[in-house]
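Let's take a walk through a protein structure, one helix and one loop at a time. Keep the view open as you read and try to find each residue as it comes up.

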Amino acid sequence: MTLPIRILTAVPICDGHDSAINTINLEFIRHGIEVIYLGYHRSVGDIVRAAIQEDVRAIGISSYNGGHIEFFAEVVDLLRKRGASDIKVFGGGGGTITHDDAATMRRKGVDQIFFAGTSLAEMTDYVRKNYGMPRKTQSRTKSWDIELAWKLTEIEDGLAKGKRLTFNAQRSTSKKTIGNRQSAIGNAKVIGFTGPGGAGKTTLIDELVLRFLKQNPRRRIAILSHDPSVVGEGALLGDRATMINSQNDRVFMRSMATRGQAGGLSPATHDCLALLAQSNFDYVIIETVGTGQEALPFQKNGIVDLTVLVMNPDYGSRLQLQKIVMLDLADIVVVNKSDLQRARTAHSEIEQRLEQNRRDQRLIDTVAKRHRDSGVDRLFELICRDERSRRGKARNKS
Amino acid sequence: MSKLGQVVEAVEKYNQFVLAQVKRARSDEKFGRELINRWNDTKAKTPVTHTPTGLPLPRLALPEMYLEPVRKIETGNYGKKTLADGAKQKADGNGARPPEEPTRLFSGLMLAEDTNERFHYLTQHQRTHRLSTAFDGPTLYGIDSDADGVFGKIGEGGVAIDTIEDMVRLYDGFDLGSPNFSASMTISGPAPIIMAMYIAAAKRHFGSKVVPKLRGTIQADIFKEVQAQNETIFPIEASLRFLTDMVEFTTREMPRWYPISISGYHIGEAGSTPVQQAAYTLSNGFAYAEMFAARGIPVDQFGPRLSFFLDCGLDAEYIALARVSRRIWAIGMRDAYGAGPRGQLFKLHTQTSGRSLIAAEFKNNLTRTAAELMLAYMNATNSCHSNSADEPFTTPSEEWIRLAAHGQAILLEESGIFKHTMNMLSGSPGMKAVECAVEAAILDEFREIERLGGVLAAVEDRFQRSQIQNAAHRYEQQIYDGTRPIIGLNKYRNGEDVAPEIKLARTPRKKQQLQVDRLAKFKKKNAEKATRALDKLAAIVERGENCFAALLEAVEVCSLGQITGCLQEVVGRFRPMV
């Protein structure tokens, strides 16, 4: 079977014209392309970093606010500088990019510019034809992030073809086995976030990342984020578009489509997570797709240190709570959007529900959309504190 | 019930009141006679003008006698003219000063001195100087010209402003305190900072006595940014707070300034239907009014300082869109907010639709714009901007700007359509039918927003955003399947797509570098003072006080980007909605 093409789309810095790219994104995913959408008002650095981490074959830039010649050229240059010139750059800007401009841009290394009047079908065909070939592997040494990104792709594509890869990283840290969390993999602490769609998982993670980065200027974080897709179909991987703090050189983020697997994760999640956990990050954060009552994304894996269930106060009747099995398994339950009217009721109902479990589960109210929210601060402290206790335990054991 | 619900109720009540009065006029002979006498009085007082061919025409056309009761009742407490016909027309023609040219031309390119030169060119033959300023991308997003990846965008699509020194250069040679001068600044996200820069720059030139004399407007419309234009830099609530800080200052210190231009234009341009445009704009306006009132600013202080900015395209709704908006605003402000007569006025700037202009056979854009201008003036807009035909490609070039401006002059000065009788085309049965349909549809939108918990809640829910996106999608679909004919594009297509010969207004690299160098010099010169000013600003914001006075101090020594960064440190950044 053919593997989905992965591309990144974005709108340049100081440009909020996102209606064209929104339409194009939808057309791409309808044609089996996995689109990582970075959003609007994005800098050259953000775009190139994301493209490398996501290991896309091409970057599509939709520019309507001028300055495109320089902006596109800067993207091409930075890709080259980072050793990622195999990632192609294409784009458009309606009537704002003239034919002369496009000629200049092509000379500067831009692959293709689409003009006003180009049909969506033409664009899709172009992408499928030109960015669908397997990458010619380069032999020369790669930077760590490119290497990591390529390995993640290998795992993902390998599984899609029915092969499970045993990758080098696993061998190099041979003592550590995957699958049993009690033996820590690397030094990374793995935190799993799950919960229904629209509960605010992505925003919450982004706010936590801000705190991680601020707390320690050397801290490095990996994020593995999931969005749903059907086997052989495209997907819109859009978590990056709303993340403002996670566009940072100390954050490595990878967006994965579930490619048909139920339960909120991808077939490759487990192995990718294991690889990330060994790759010198302090924290590895994993976000599932929005899950329903039945999903138990982290049950089998056992490689997650801490499970956070993010709830929306609007979960329906109290009886619904009984059906949410994740409530039994989560270490921390977060009621996000606690500024909503329903939140107080939600808090007390969930509190009662957790008491039945007689486990040391924590319940925290947050308003993740609020800057410096004290609830998010508490959650952050809890995660950090938990780390100390875990490391303490690990030391005691050894 | 929220304020918006009260507005809906007020409009419904008003309509019932009108109907009841008409009934009464028919049955109550005395009342009917009274109305007829009033009609006769008004007619007698209406001045008569003469066309160049000698035809006498009244300045104000009154409806026929038997319709008059309806008409007069409709005017109610809202002044002498029919409610839909316009906020502030100086119609009497004898005495008073002649009305200002409603022409307002949007301009902004390259560096401040280049835009300044363009401003002088544009206004060389105009009695009144009404400058409308476009800013470049970095300025609109509150970042400096030395930020990562913005070099090519310096001076593109608008003027680059980093510091007060740029602002001084921008309006150099204009008498900012003159009653014949007004400045309009199209910027929202960092509006309070840019406003502070403008005031500080004016003070440098003319001393602090100029402040109460300053005339003009700044867009500062946060809601529409979040709904449509994506140029928001602080979280919504923080943005609204800084806006209110600014409004509190200007309503107190600058009685002639319009501190917000409640804009439907960008909502329309982002793809909304005309009804959505009017409904979201008006409801945003009512939400701002509620917010300012909550801060303790009296409604009769801020009410008269609110102004509106609408898009005018070619759809049939535009025949009456602004007329209906004017009516709803007046009734809502009177009945739900308790505003006096001045606070009920709907002051409107209109711009012809940029979205309706296309690249293919672009000279047709002249005709499109002319038709839109006609619609705008049928709606008695207070001022108007006509787009240049070359806008699908670039910041307008001088040749096409001139044609756009002349389009207005031809319509207003050369033709007799709006020259003699000010309400020449109002009140036709067709127009009335559009008014009724549009009003009902707008009230439905209000009810929906009300159901979602009001404007702020709906905005945070992305309601308006997704509605606009859906409408945009439908519009594209209609062009694609031909149900929406676009001449030269999907109909009567000429076949060949020749790139037009257009002189592009690109900013040379040399100028962009100059801007970066100037900024570096400014930052170096003020480094120490900047730190102190920013610390002070941050502390005030942290304490939750009105920060506008601190902004006025900060702009003297800090760049736009430095101030934005400082504020974002305290209140956070805007998280994009997608």
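## Helix α5 of chain A

The buried residues of α5(A) pack against several partners in chain A: β1 (5-10), α1 (19-30), β2 (33-37), β4 (88-92) and β5 (112-114). Keep in mind that you're looking at a predicted model. Which residues of this helix are buried? In α5, which runs over residues 120-130 of chain A, they are Met123(A), Thr124(A), Tyr126(A) and Val127(A). These residues sit on the same side of α5(A), because they cover an arc of only 160 degrees around the axis.

Now look across at one of the strands. Gln112(A) is placed in strand β5 of chain A. Is Gln112(A) buried or exposed? Its relative accessible area is 18%, and the cut-off for buried is under 20%, so Gln112(A) counts as buried. Setting aside neighbours within four places in sequence, Gln112(A) is in contact with Val89(A), Phe90(A), Gly91(A), Arg106(A) and Tyr126(A). Tyr126(A), you'll recall, is one of the buried residues of α5. Gln112(A) and Met123(A) are 11 residues apart in sequence, and their C-alpha atoms are 9.9 Å apart in space.

## Helix α12 of chain A and a loop

Next stop: α12, residues 343-355 of chain A. With 13 residues at 1.5 Å a residue, this helix should span 18 Å, and its end C-alpha atoms are indeed 18 Å apart, so the two values agree. Its buried residues are Ala343(A), Ala346(A), His347(A), Glu349(A), Ile350(A), Arg353(A) and Leu354(A). What covers them? The cover includes β11 (306-311), α10 (318-323), α11 (326-329), β12 (332-335) and β13 (362-365) of chain A.

Between β11 and α10 there's a loop, and Asn312(A) lies in it. Asn312(A) is buried, with a relative accessible area of 17%. Not counting residues up to four places away in sequence, it touches Gly198(A), Ala199(A), Lys337(A) and Leu340(A). Take Leu340(A): it is 28 residues from Asn312(A) in sequence, yet the two are 9.5 Å apart in space, C-alpha to C-alpha.

## Helix α19 of chain B

Over in chain B, find α19, residues 509-543. It has 35 residues, but its end C-alpha atoms are only 43 Å apart, short of the 51 Å that a straight helix would reach at 1.5 Å a residue. Where is the kink in α19(B) centred? Look at Ala527(B): the kink there is about 75 degrees. Just after the helix comes Gly544(B), with a positive phi near 85 degrees.

Plenty of names to find here: the buried residues of α19(B) include Gln512(B), Leu519(B), Phe522(B), Asn526(B), Ala530(B) and Ile540(B). The buried residues of α19(B) pack against α3 (68-81) of chain A, and also against α6 (164-170), α9 (236-253), α20 (548-557) and α21 (560-571) of chain B.

One of the residues touching this helix is Thr163(B), found in the loop between α5 (137-140) and α6 of chain B. At 3% relative accessibility, Thr163(B) counts as buried. Beyond its neighbours within four places in sequence, Thr163(B) is in contact with Met197(B), Leu519(B), Phe522(B) and Ser559(B).

## The two chains as wholes

Time to zoom out. Chain A has 13 helices and 13 strands, and buried residues make up 60% of its 398 residues. Its accessible surface comes to about 16700 Å², with 48% belonging to carbon and sulfur atoms. Of the contacts in chain A with a separation of 6 or more, 77% are between residues 24 or more positions apart.

Chain B has 21 helices and 11 strands, and 58% of its 578 residues are buried. Its accessible surface is about 23600 Å², of which 54% belongs to carbon and sulfur atoms. Among its contacts between residues at least 6 apart in sequence, 79% join residues at least 24 apart.

## How sure is the model of chain B?

The mean pLDDT of chain B is 89, and 90% of its residues reach 70 or more. Over residues 66-83 of chain B, though, the pLDDT is below 50, and this stretch has 40 contacts in the model beyond near neighbours in sequence. Residues 86-99 of chain B also stay under 50, with 19 contacts beyond four places in sequence. Where pLDDT is low, the predicted coordinates should not be read in detail.

Conventions:
Residues are numbered from 1 along each chain as its sequence is written. Chains are lettered from A and ligands numbered from 1 in the order in which they are written. This is a predicted model: local features need pLDDT of at least 70, side-chain atom pairs count only at pLDDT 80 or more; totals for chains, interfaces and linings use all residues. Side-chain values use heavy atoms; hydrogens and water are left out. Buried means under 20% relative accessible area, exposed over 50%, partly exposed in between (1.4 Å probe, protein chains only). Helices (H or I, at least four residues) and strands (E, at least two) are DSSP runs, numbered from the N terminus. The arc is that of the directions from the helix axis to the C-beta atoms. Contact means heavy atoms within 4.5 Å. Accessible areas come from the Shrake-Rupley method with a 1.4 Å probe; for residues, only the protein chains shown count as cover. pLDDT is the predictor's confidence in each residue, from 0 to 100. The expected span of a helix is 1.5 Å times one less than its number of residues. The bend at a residue is the angle between axes fitted to the seven residues ending there and the seven starting there.
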